[in-house]
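The following note is offered to a colleague who is new to this structure. Its points take up the ligand site, the nonpolar core and two backbone features in turn.

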Amino acid sequence: MNDNKKPKKQEKNLDIIRTISLLVLLILCIVGAIAYYYFSEKDGKNEKELAFTELITMINEDKIEKIEMTTGSSTVKVTVAGEGEEKDREKTVLVPSIQAFMEWIQEKVDKEDKKIELNQKPVNPLIRISDTIFSLLPTLLLIILLIMIFKMQGLGGDSGKVYGGEDGLKPTGVKFNDIAGLDEEKDELIEIVDFLKKPSEYLEMGAKIPRGILLYGKPGTGKTLIAKAIAGEAGVPFISMSGSEFIEMFAGLGASRVRKLFEKAKKMAPCIIFIDEIDAIGSRRTSNTGSETENNQTLNQLLVEMDGFDTNETVIVLAATNRPEMLDKALLRPGRFDRQITIPSPDLLGRESILKLHSQNKKFAKDVDFKSIAGDTAGFTGAELANVLNEAAILATRNKHTEITNADIENAVKKITVGLEKTNRVISDKDKKLTAYHEAGHAVVSKFLPTQTDVKEVSIIPRGLAGGYTMYKTNEDKYYVSRTELLEKMVALMGGRAAEKIALNEISTGASNDIEVATGIAKDMLTVYGMDDSLGPVSLKVDDPYELQIFGDKVIDQVGNQIQILIDNAYITAQKILSDNMDILDNVAQKLLEKEKITSEEFEEFFK
Ligand code: ATP
C-alpha cells in the first residue's frame, strides 16, 4: 500500500556500502595475515637470533662468513663460519643503525681485507605489501568504522523516511476508505485534511493552524494507518520517523536529528511529520543526570522546533504513543500537541468492518460469518484481526481447502490466542488425566458463576505452551468490569487447581498461569481500582516504589494480606463448587479423556 520506493532504494544503497566495506576489510585482513605469517615464518625458520654486540665481536674474530642485508629492513642475516649445512649456521641480528653498519662493514671488507661475503637483497614485494597493509590496517579499520557509524546515525542528513508528495512520488496511497470503523476519529481529522489541501483559505480567515496531534492507542489499533491516510487524502508528503530512532549512541545526535527532520519538513510543506512511539523521546524530563540528559535534550529540541514554526508554515506533526501517561506535560501545551485523539480497540461493529475490509482480496466459503467472528474476538486490535484472516488463509492453503472456511478462521483465532494445536505431542495417561480434570474444573466452576461467560470449547490437546485450554464465549463488549465479575473471574481461574486437588489429591505446575493472572487481578483490585473495603478507594499505583512510603508500612502489609485473602477465598469457593458437583466434574473429565475436545453444546448436556 505504501509508496516508499525512495527510502527503500537509499536503504539498499546503504546496505551495499556496508557489505562492500566489510568485504574489503575482510579481504585485506586475510591477505595481510597470510602474507605476514607465510614470510615471517619462512624467514624465521631454522634461525637463531644473535645480539648485535656478539656480531661485532664475531666479525672482528673472523667468525662470520656471509652477511645478507635486505633493503629497508633493519634485520640482517649472517652465516657463521664453520662446518656443516649453511642453513644451520644462519642467524639473524637486529641492527640499531643499518646505514652505519653497512658503511662500517664495507670499510672492514675493503680496508682490512676481511673475507666476508656481503649480499644486498631487494625487499620481497609481498612482504612490502603485507607490511603496508598491516601498518595501514588500524587507520583503514577506523575509517570504515566511522563511515558505518555515520551512515547508521544518519549524519549523512537522511532524517525521516519520506513517502509521497511533490517530489514526483505518489502520495502514501492510503485513504480514509482503507480504515474500517473509527468513524468519529476520521470525522475529527477530516478538517486537518481540508486544511492541508487549502491552507491559504484558512489563513486568510485568520484561523490558527493546528500544530500537533497526538494519537493515543494500543499497538495495532491503526494510528500509523490514520496518519498515512491524512497525508494520502490531502496528497501531501508523509515524513515518518520512530521515536526510538532519535535515541542514539552519541549524545547530541537525537537533538540534531530532530532539527534536521523539521528542516526537511519545512522545505516540503505542506506536509505531515509522523513520529511513532513518541514516548521514547517525549517521556517526562528528569533531573539532568547521565543518560537522561540525552533524552531531555532531544525532547527540548522537539519543543523548540514545535514552537518555532511560522504561523503560515503548513507542517502538521502527528505523533503516536501507547503510553500517554509517560509523556512530558510540556508536550501537551497549546501550540504543541494540543489535540489528543484516542484510538480505541475496535468495538463489535468495528471488528466486523475491519474483518470485511481485510477479506476483500481473499476467497471465503459461504459459511463464513464475520459478525460471529467479530463476536469471538473482543479486545482484538485491527492489526490482530488482519492477522487472523492472514493466518486463516495460510491454514486453508495448508489444509488444501479451495476457500477459507469458518473452521479455518476459528483455528486462526485459537492459534493467535492460545498457540498452535500440537496433536502429535505424546502425553502420558497420567498427564492427560490431570489436564482433563484441570480444564473440566475451569469449565464446571465458571458454569456456576453468573458473571462468567459461557464455555465455548474445552480441549486437552496441547496448544502453544498450554497443555489444554478452556475457551469462553466473548460476545459482549464491555467498558466497565464490576467487582463481582473480577472476584468470580478469580474463582474460575482457580477452578483448575481446585479440580486437581479435589479429584486427584495432587496439585501441579499446570496452574501457574492461572495463579499469575488471578494474583494480577487481586493486585489491581486493591491498588488500581480501589475496590478493597478496608483500604478504601485509594490508588496505590506508583511509578516509583519509594512513593509507596507515604502510605506507611501498615498499608503495604495490608495490601499483601488482602491479596492473599482474595486468592484464598477464590480457591476455597472453587473447591466448594466442585465438591458439590463432583459427578459433573468426573463426567466432563471422562468425556475429555474420550474425545479430547468438547463443544459448548456437549458441555451444556451435562447440566440438563
Ligand atoms: P503501533 O503502535 O504498533 O505502531 P499502530 O496503532 O500504528 O501500531 P498500524 O501500524 O496503523 O497500528 O496498524 C497495523 C495494521 O493493522 C494496519 O496496517 C492495518 O492492516 C491494520 N489495521 C489496524 N486498524 C485498522 C483499521 N481500523 N482498519 C483497517 N485496518 C486496520
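1. Which polar backbone atom lies 2.9 Å from a nitrogen atom of the ligand? In this predicted model, the atom belongs to the backbone of alanine 180. Two side chains also make short approaches to ligand oxygen atoms: a polar side-chain atom of lysine 223 lies 2.8 Å from an oxygen atom of the ligand, and an N or O atom in the side chain of threonine 224 is 2.5 Å from an oxygen atom of the ligand. The ligand, taken alone, exposes 630 Å², of which the protein buries 77%.

2. The shell around the ligand deserves a description of its own. The ligand has 18 residues around it, and those that come nearest are Gly220, Lys223, Thr224, Leu225 and His358. Sorted by class, the shell comprises eight nonpolar, six polar and four charged residues. Three elements each give two or more residues to this shell, namely α7 (223–234), α12 (348–358) and α14 (382–398).

3. The position of the ligand relative to the domains can be stated as follows. Residues of the shell come from both domain 3 (161–342) and domain 4 (348–417), so the ligand lies between these two domains.

4. Attention may next turn to the interior. In soluble globular proteins, nonpolar side chains tend to be buried together. The largest nonpolar core in this model has 42 residues, and Met490, Val588 and Leu592 have the most contacts inside it. Two or more residues of this core come from each of α16 (429–447), β12 (455–459), α17 (483–504), α18 (512–527), α19 (552–580) and α20 (582–595). The largest share, nine residues, is given by α19.

5. Two backbone angles should be examined by the reader. Most residues other than glycine have a negative phi. Aspartate 62, although not a glycine, has a positive phi of about 60°. This aspartate 62 is placed in the loop between α2 (52–60) and β2 (64–70). Aspartate 62 has a relative accessibility of 51% and therefore counts as exposed, the cut-off being over 50%.

6. The second such residue is glutamate 596, which is not a glycine and has a positive phi of about 70°. Glutamate 596 is found in the loop between α20 and β14 (597–599). Is glutamate 596 buried, partly exposed or exposed? With a relative accessible area of 28%, glutamate 596 is partly exposed.

Methods
Residues are numbered from 1 along each chain as its sequence is written. This is a predicted model: local features need pLDDT of at least 70, side-chain atom pairs count only at pLDDT 80 or more; totals for chains, interfaces and linings use all residues. Side-chain values use heavy atoms; hydrogens and water are left out. A residue is near a molecule or strand if one of its heavy atoms lies within 4 Å of it. A polar contact is a pair of N or O atoms within 3.5 Å; within protein, one must be able to donate a hydrogen and the other to accept it, and residues adjacent in sequence count only if both atoms are side-chain atoms. Accessible areas come from the Shrake-Rupley method with a 1.4 Å probe; for residues, only the protein chains shown count as cover. Helices (H or I, at least four residues) and strands (E, at least two) are DSSP runs, numbered from the N terminus. Ala, Val, Leu, Ile, Met, Phe, Trp, Tyr, Cys and Pro count as nonpolar, Asp, Glu, Lys and Arg as charged, and the others, Gly among them, as polar. Domain bounds come from an automatic or database domain assignment. A nonpolar core is a set of buried Ala, Val, Leu, Ile, Met, Phe, Trp, Tyr and Cys residues joined through side-chain atoms within 4.5 Å. Buried means under 20% relative accessible area, exposed over 50%, partly exposed in between (1.4 Å probe, protein chains only).
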